[in-house]
Amino acid sequence: MATLPAGGGGRASTPPSIPAGDQTVWADAGPLITAACNDLQDGELIHGENFSLFAAMSALEIMDPKMDSGMENSGYRSIEEAIENNVAPVPLSLDPTVDVQRTIDVIDHLISCEATWHKGHSLAQTVFSCIYLLRIERTSSHALLHSYCRITRATCNAVISVVSEARTHEEEDLFTMAYGLPLKGDGDEKCLSILNSVEETISRQLRACKVQSSKKKPLEDIEPLQKNPELEEGYCRALLCRLRFRKHYYHVLMSMRKPQGKGLELARKHVVSCLSELAYMSKSFEFLRSSSFGSYQDAIESSTTASGCRPIGFDASLNSKLSAPTPPRATHILSWKKAVEYFQKLLHDLDFVCSLNLESMLEDLLCFIVQFQKLQPDLVARAHLQLLLVQNGKLYGKEFFHDIISKALGLPELTRDKEFQKNEFIVQLGQLIVNLLKILCTNTAWQRRKLGKCLQDWSVLSLQLEMAFKREFGELTNVMVDENMCMKVSRHLLLWTEEHTYWIASRFLTLGFELELYSPHEYCMVYWYMCVVFMKLMEKMQLRVAVHSENSQRRGKKKKDHAKDQIRDAVFSSSCLLIHCYICLSEGLAMILAALHNESNTFKVASPFNGEEERFVQHFELLQKAHVPDQISYYIFKESTVNVQISSVVKENYFREAQRIITSLRGCFAGNPDKLLELQQLEQVAERNRVAINVINQIGAHDPSLRVSFEFSHHPHFAIAVIRRS
């Protein structure tokens with residue numbers, strides 16, 4: 001960047017700062033700054049002698065409402081001042097009809113604020129921008145508003161508790177900061193009973209207005225919700241669905257917090273009720289729009305209320321002035337429609353969490369978490385899954401992890417072996433599994449970063465296991481009853497640890513596609529490395545199946561146990577086949593890209609900063625530090641791809657082999673809709689790439705009119721080649 005120093009030619013010493021005093025005269029620098037702006041060209045900077053880029057990074061930016069808290073001087077300076085100026089009146093209006101409509105607006109805006117908070121914004125500038133929540137005791141005379149504010153506060157406290165306990169708030173630091181806000185209050189434990197009482201009153205009012213409209217004699221004298229008979233039923237329905245949604249949502253959160261997953265079935269029932277009430281809320285949109293009183297917001301799509309009216313009782317700037325840690329930046333509140341959509345997705349994600357089979361094996365659990373992450377769940381749903389998985393150092397709060405390991409190894413007889421439980425490697429492996437489960441529940445970017453770091457721990461443990469079991473074999477035989485038990489455990493444990501090390505590596509590599517970390521010029525090296533990792537993963541899986549089958553035959557199991565082992569081996573066999581399919585696709589894509597690179601000079605890294613070798617190191621440094629796999633380098637990659645030609649790729653039939661495997665797998669995954677969907681996606685990738693490579697071979701990669709690009713339109717990790725002629 002070109003710079004224009006403010007001083008003369010030579011570099012002068014840094015001038016001392018001049019403190020402002022009573023005699024200081026302030027001058028308007030606006031005209032000077034305007035003249036400088038008009039005179040400066042793009043890329044030029046005017047600065048004083050004491051300027052430094054480091055200091056500029058720490059400077060406060062003025063005149064930007066996101067950074068300059070003094071930019072917005074309007075508004076009230078205290079809650080009491082806002083209340084005195086009738087910003088949050090109770091009742092909301094002396095006209096009962098307007099009072100009901102304004103109450104619904106407050107409810108809707110609170111829902112929008114809550115969804116915005118869940119998305120990572122400050123609690124102080126979203127939900128607690130509501131003055132009624134900040135001074136909840138003032139609403140005691142307004143039963144409807146009071147009950148809703150109380151359960152909203154209790155819900156926020158429950159969500160903060162879950163996220164804090166799961167420690168997933170590290171991903172979004174602002175989420176759990178309370179800024180000294182009144183999150184708890186006396187009587188909050190009775191919020192449901194207060195809400196139920198209000199709900200019952202409005203239900204009776206709805207029944208009464210139905211009886212009146214049918215001209216039947218009312219069973220009891222019920223005071224209406226408001227004075228306009230034509231609007232009574234609509235307002236009653238609009239309020240009931242909002243109150244019931246809040247009630248069932250609170251029940252969902254409380255049921256999911258029950259230990260050992262005992263409340264999951266009940267939570268699913270409340271999720272269904274929540275979704276039903278959200279649907280009714282959406283239906284109330286037209287009624288509230290047509291019967292609203294007040295000033296409309298800018299547009300329907302940006303409105304934070306169903307009626308479109310601006311809610312009363314909110315001031316987002318109050319907490320910024322009252323609480324020092326509150327971020328000064330402006331917060332954009334989600335629209336009411338988007339807030340409803342957010343809660344619908346959140347509930348579907350929570351329902352998926354509740355569908356987890358608590359009797360599933362560890363491998364099935366890992367697949368479940370990966371499938372859950374495909375839904376792109378937000379922080380709240382991920383926190384609930386993590387708390388469900390790890391409770392009091394146990395899986396689901398039921399089983400110790402040394403028992404989980406023994407079952408995963410196919411050696412259930414070790415579950416009561418005290419020496420096995422206390423073995424330092426088993427303890428370490430249990431800690432690694434706990435850490436892995438927590439990592440898999442984080443957001444995609446955080447997850448990939450943590451997976452890369454934990455790979456070295458898994459790799460080191462594998463190496464230690466291999467060395468320790470050989471060194472201590474004689475000592476351990478004195479502990480085990482069976483003379484071959486030590487060797488058996490060592491083989492199983494080592495293979496299982498190595499297999500999951502490569503599983504983590506494969507997850508690390510594929511997440512790079514979801515995060516768009518790879519450029520098309522780097523696809524070749526990425527698919528090549530994926531192929532190598534998948535090969536090692538399949539090798540370890542096959543070895544473990546072979547060892548397990550060998551031990552089963554030696555033990556001479558009963559027919560019932562033998563049938564279980566056959567089912568287990570079949571599952572492993574289908575998993576190995578699926579990994580083999582990944583290998584074919586990865587190798588095929590790597591070879592296509594290498595051939596295009598060699599024959600047509602496309603997909604070459606053209607950068608003045610990082611060459612191909614530097615990028616190889618940057619992408620796979622964490623894997624290579626962990627020796628996953630061992631003895632893999634950039635030079636081996638180049639040696640494998642430097643002589644690849646399109647004709648040789650066609651002859652190898654990588655994609656035809658993948659299609660053959662997919663066909664054989666359909667029967668294995670007949671009862672698994674998620675796997676069947678993935679097989680369908682993989683088949684599309686294989687077929688389209690098979691056709692593409694044949695077309696390239698016919699046209700000739702040297703043809704200057706040939707344009708090849710790669711798109712992820714069918715699978716998130718495996719691209720398809722798209723051919724165009726210029």
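**Group meeting: a walk through the model**

Okay, let's start at Cys581, which sits in helix α21, residues 559–600. Helices here are DSSP runs of H or I with at least four residues, strands are runs of E with at least two, and both are numbered from the N terminus. Before I go on, this is a predicted model, so local features need pLDDT of at least 70, side-chain atom pairs count only at pLDDT 80 or more, and totals for chains, interfaces and linings use all residues. Residues are numbered from 1 along each chain as its sequence is written, and side-chain values use heavy atoms, with hydrogens and water left out.

Back to Cys581. Its relative accessible area is 0%, so Cys581 is buried. By buried I mean under 20% relative accessible area; exposed is over 50%, and partly exposed is in between, with a 1.4 Å probe and protein chains only. What does Cys581 touch, if we leave aside its neighbours within four places in sequence? The list is Ala658, Ile661, Ile662 and Leu682, where contact means heavy atoms within 4.5 Å. Also, the C-alpha atoms of Cys581 and Leu679 are 9.7 Å apart, although their positions lie 98 residues apart along the chain.

Leu682 comes up again with His715. Leaving aside neighbours within four places, His715 is in contact with Glu678, Gln681, Leu682 and Val685. You'll find His715 in the loop between β6 and β7. Is His715 buried or exposed? His715 has 4% relative accessibility, so it counts as buried. Its side chain makes a polar contact with the side chain of Glu678, at 3.5 Å, and the His715 side chain also reaches the backbone nitrogen of Phe718 at 3.5 Å. A polar contact here is a pair of N or O atoms within 3.5 Å; within protein, one must be able to donate a hydrogen and the other to accept it, and residues adjacent in sequence count only if both atoms are side-chain atoms.

Now the two strands around that loop. β6, residues 706–711, runs antiparallel to β7, residues 720–725, and six bridges join them. Strands pair if DSSP finds at least two bridges between them. One of the partners to look for is Ile720 in β7, bridged to Glu711. β6 has a nice alternation: Leu706, Val708 and Phe710 point to one face and are buried, while Arg707, Ser709 and Glu711 point to the other face and are not.

There's another sheet elsewhere. This one is open, with three strands in the order β3-β4-β5 and antiparallel pairing. At the edges are β3 (390–391) and β5 (399–400), each pairing on one side only. Two bridges join β4, residues 394–395, to β5, and Lys394 has Phe400 as its bridge partner in β5.

On to the aromatics. The structure holds 28 aromatic pairs. Phe352 and Phe372 have ring centres 6.0 Å apart and planes at 25°, so that pair is stacked. Phe352 is in helix α11 (residues 336–354) and Phe372 in helix α12 (residues 362–373), 20 residues apart, so to speak of distant parts of the chain being linked is fair. Phe616 and Tyr634 make an edge-to-face pair, with 5.7 Å centre to centre and 70° between the planes. Phe616 belongs to helix α22 (residues 612–625) and Tyr634 to helix α23 (residues 634–641), 18 residues apart. Both Phe616 and Tyr634 are buried. For the cut-offs, rings of Phe, Tyr and Trp (its six-membered ring) pair if their centres lie within 6.5 Å; planes under 30 degrees apart count as stacked, over 60 as edge-to-face and the rest as tilted. Ring pairs also link Phe513, Tyr518, Tyr523, Tyr527, Phe534, Tyr582, Phe712 and Phe718 into a cluster.

One more helix, α4. Residues 96–118 make up its 23 residues, and α4 reaches 33 Å from its first C-alpha to its last, close to the 33 Å expected at 1.5 Å a residue. That expected span is 1.5 Å times one less than the number of residues. Of the 23 residues of α4, 21 are buried, so the helix is largely enclosed by the rest of the structure. At its start, a side-chain oxygen of Asp95 comes to within 3.0 Å of the backbone nitrogen of Thr97. Just after α4, Gly120 has a positive phi of about 110°.

Last, the whole chain. There are 26 helices and seven strands, and 49% of the 726 residues are buried. That's the tour; questions welcome.
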